[in-house]
Amino acid sequence: MYCGDNQGTDIDHFEPIDRHPMRAFDWTNHVLACSLCNSHLKKAVFPLDDGAKPLLIDPTAEDPTPHLRLVLAVGQYHPLTPRGEATIKLFDLNRGLLAKGRVNAFHVTKACVAQWAGATAKGDHDTAAHWAAVVNEQPMADVVQAMLHQALDPAAEIVFDDPELLAHLREPGLRAALLIR
């Protein structure tokens, strides 16, 4: 998914067919996409840099972290590279509905992590697994991944104003339960 809203209904050809017809049936060229990203925003657009390399981040093959930074408190992406900037712009990744959904996912994830930690402290592994599953099954999985990545940043104390939450996000048990990718 390009936007991460979990509303994938279309299969997009990452590299458009008119650009490279031989990739039409190449599985590595197929991306699950919402219809807005696929049919209304990307269409057959495929921006290239000066060296003819794709500017868009391929969500099936690349970690977007070096290119994009999710500002969790506002649910918006900040570009770190020209590729991040092109991806944000083309897919309108900071549109209001997505930003709101990411902020909501951030709050839900924080609450679920607290529940997971409480159950883990009591040795109630079934309940802890339940709360991890709630996080893993919610839309906006990019929020959870950003939280787990940013928890390891040197400036994590600034991003997470809750030391207890930050400690939990750094716990190997939680990281394993949340299927870090």
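Biologist: In helix α5, residues 141–150, how many of the residues are buried?

Modeller: Eight of its ten residues are buried, so the helix is mostly covered, under a cut-off of 20% relative accessible area. Bear in mind that this is a predicted model.

Biologist: Which residues of α5 are the buried ones?

Modeller: The buried set includes the nonpolar residues Val-143, Val-144, Ala-146, Met-147 and Leu-148. Asp-142, Gln-145 and Gln-150 are also buried.

Biologist: What should one know about the direction of side chains along a helix?

Modeller: An α-helix has 3.6 residues a turn, so residues three or four places apart point the same way. In α5 the buried residues include the run from Asp-142 to Leu-148.

Biologist: How is the packing of two helices read, and at what angle do the axes of α3 and α7 cross?

Modeller: Take the two axes, then their distance and crossing angle. The axes of α3 (residues 96–121) and α7 (residues 163–170) come within 10 Å and cross at roughly 70°. Angles of 65 to 115 degrees count as roughly perpendicular, and α3 and α7 are therefore roughly perpendicular to each other.

Biologist: Which residues make the contact between α3 and α7?

Modeller: On α3 they are Lys-110, Val-113 and Ala-117. On α7 they are Leu-165, His-168 and Leu-169. By class, the contact has four nonpolar residues, one polar and one charged.

Biologist: Now the strands. In which sense do β1 and β2 pair, and over how many bridges?

Modeller: Strand β1, residues 10–13, pairs with β2 in the antiparallel sense, over four bridges. Ile-11 stands opposite Leu-32 in β2, and the bridge partner of His-13 in β2 is His-30.

Biologist: Which residues form the covered face and which the uncovered face of β1?

Modeller: For a strand, list the residues on each face and see which face is covered. In β1, Asp-10 and Asp-12 form the covered face, while Ile-11 and His-13 form the uncovered one. In β2 (residues 30–33), Val-31 and Ala-33 are on the covered face, and His-30 and Leu-32 are on the uncovered one. The paired residues Ile-11 and Leu-32 thus belong to the uncovered faces of β1 and β2.Biologist: What is the order of helices and strands along the protein chain?

Modeller: The pattern is β-β-α-β-β-α-α-α-α-α-α-α, with eight helices and four strands.

Biologist: What share of the residues of the protein chain counts as buried?

Modeller: Of its 181 residues, 40% count as buried. The protein chain exposes about 9,800 Å², and carbon and sulfur atoms supply 60% of that area. Its C-alpha trace spans about 60 × 30 × 25 Å along the principal axes.

Conventions:
Residues numbered from 1 in each chain as written. Predicted model: local features only at pLDDT ≥ 70, side-chain atom pairs only at ≥ 80, totals over all residues. Heavy atoms only, no water. Axes fitted to C-alpha atoms, helices over the stretch in contact; angles between N-to-C directions. Parallel < 35°, antiparallel > 145°, perpendicular 65-115°, else oblique. Contact = heavy atoms within 4.5 Å. Buried < 20%, exposed > 50% of the residue type's maximum accessible area, 1.4 Å probe, protein only. Pairing = 2+ DSSP bridges. Areas by Shrake-Rupley, 256 points an atom, 1.4 Å probe, with all protein chains shown as cover.
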